[in-house]
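User: Could you take a close look at one of the two chains for me? I'd like a connected walk through how its parts touch each other and their surroundings.

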Amino acid sequence: MKTIYPVQKDEVIWRRIGDAIVVIKEDGLSSHTLNKTASFIWELCDGNLEINEIAKRLNERFDVSLEDAQADVHNLIEELTTADIIKKSKGKKDKIRY
Amino acid sequence: MKALLPKRVNTTELESTLGLQIGSICCELRCNDPEILRKLQDVYRNYLVDAEPDVFVELELTSRLSTSKISSILTRSRYIRHGNRFRSSGRLLQGQYDLDSRTVKITGEKALIDPDNSTNLLNQLISVSYYSACKMKYGTNPPAMLVHACGILRNGKILIFAGPSNIGKTTIARLCSDRQGEVFNDEILLMSRPGVNGKGVIIQNTPIIGDLLPGRNTTAPLRCIFLLKQNNRTAWRYLDKAEAYLRFMRQIIGPSCVGNYDKKTAYSIMADFSSEVVKSIPIYELEFNRDSDTLWRVTDELEGITGAEYLN
């Protein structure tokens with residue numbers, strides 16, 4: 001299985017509004033409102049955490065099994081990738097190269 | 001409510017420039033046409049100030065085309081912006097910003113600027129001038145933003161009615177008699193950021209002309225915002241914050257109001273402002289059947305509600 005580091009796309013603008021996160025594209029035409037769990041996952045999509053690590057943190061933070069957390073994270077990343085607000089990177093964003 | 005004192009205007013003496021106050025911005029209008037300048041002086045009489053200008057707007061007017069020709073072009077005209085330059089298709093006007101000299105130069109047909117015509121270009125001019133000056137003076141953190149809404153002063157506070165074009169903002173202004181409140185403006189208001197100067201959200205009237213002429217240059221605190229929806233009854237409901245945020249940003253500010261920032265910066269400014277307002281001010285959806293008595297009865301129901309439940 002490939003290692004994937006999801007990262008928020010540069011073009012999006014997002015703000016936390018109460019428990020939700022609202023993401024809009026820079027054209028302002030489309031928006032996505034993320035619930036509490038999805039918002040937690042979204043904030044971890046900084047390009048430095050692999051999908052399984054995000055699932056592990058979701059499992060630690062919420063009352064959800066690791067298997068369910070992995071499925072939830074995988075499905076959400078697929079959905080947000082299709083929505084074109086997340087991209088899947090094969091390497092860490094902040095990886096230092098020597 | 002705080003009344004702002006306008007400059008004392010001697011109507012018999014024409015000045016070559018006008019100092020126009022738009023919130024905390026002073027815009028100096030220069031024009032090569034004395035007749036237009038005199039009309040602007042009259043239209044903006046409550047907003048004229050003697051103050052150091054933040055931005056200079058130079059109007060060079062021409063009379064190249066007939067009014068009917070201009071009207072014909074206007075129906076299919078588009079506004080095009082490229083860097084610091086802008087123009088309308090059909091060559092009705094063109095202009096450019098020069099941030100170093102704090103100047104906006106506009107060349108265009110006289111009929112477009114003439115307040116006696118209903119081309120609405122004056123409003124765009126004020127909007128452009130305000131945000132150009134804000135960009136120079138405050139960067140990406142303007143202390144107030146222009147909002148597309150009707151403001152009614154009632155019981156010492158402003159009720160804002162907003163929504164897409166033709167939803168009923170001007171109708172509400174017309175339904176407001178002296179007994180029920182005072183119409184601030186039925187088109188564009190200036191809304192401060194929450195907490196600026198340790199106050200709540202403050203609404204200020206603007207020299208922007210709607211279907212009703214702008215009233216006095218005054219300020220008052222904002223009570224709440226109603227997003228209008230036409231229906232066969234009049235009723236209200238709280239909007240959850242995420243929905244309120246999106247609708248506030250799309251229906252009340254709108255990117256076209258934000259001026260010469262790049263798209264992402266404009267939306268970031270709008271997002272910051274909208275999220276601050278939504279956290280501070282209750283926003284309701286108001287179904288509205290255009291009946292005056294029901295309208296004010298329903299809005300009065302809200303006088304007993306603090307909004308604390310919503311805001312917390």
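Analyst: Happy to help; here is a tour of chain B, from its domains to one helix and then to its partner chain. Please keep in mind that this is a predicted model.

Chain B splits into domain 1, residues 2-138, and domain 2, residues 144-311. Between them, 23 residues of domain 1 are in contact with 18 residues of domain 2. On the domain 1 side, β1 (2-3), β2 (17-22) and α4 (121-138) are the elements that give two or more residues. Of these, α4(B) gives the most, with 9 residues. Sorted by class, this side of domain 1 has 13 nonpolar, 7 polar and 3 charged residues.

Now for the helix α8 of chain B, which spans residues 292-301. Here B:L295, B:W296 and B:T299 are buried. Viewed down the helix axis, the buried residues of α8(B) fall within an arc of 90 degrees, so they line one face of the helix. B:D293, B:R297, B:D300 and B:E301, on the other side of α8(B), are exposed. As for what the buried residues pack against, their partners in chain B are β11 (157-162), α5 (169-175) and β17 (283-288).

Finally, the neighbouring chain: 12 residues of chain B are in contact with 12 residues of chain A. On the chain B side, α6 (241-253) and α7 (263-280) each supply at least two residues. The largest share, 7 residues, comes from α7(B). By class, the side of chain B that touches chain A has 7 nonpolar, 2 polar and 3 charged residues.

Conventions
Residues are numbered from 1 along each chain as its sequence is written. Chains are lettered from A and ligands numbered from 1 in the order in which they are written. This is a predicted model: local features need pLDDT of at least 70, side-chain atom pairs count only at pLDDT 80 or more; totals for chains, interfaces and linings use all residues. A residue is buried if 20 or more other C-beta atoms lie within 10 Å of its own, exposed if 12 or fewer, and partly exposed in between; C-beta atoms are placed from the backbone. Helices (H or I, at least four residues) and strands (E, at least two) are DSSP runs, numbered from the N terminus. The arc is that of the directions from the helix axis to the C-beta atoms. Two residues are in contact if their C-beta atoms, placed from the backbone, lie within 7 Å. Ala, Val, Leu, Ile, Met, Phe, Trp, Tyr, Cys and Pro count as nonpolar, Asp, Glu, Lys and Arg as charged, and the others, Gly among them, as polar. Domain bounds come from an automatic or database domain assignment.
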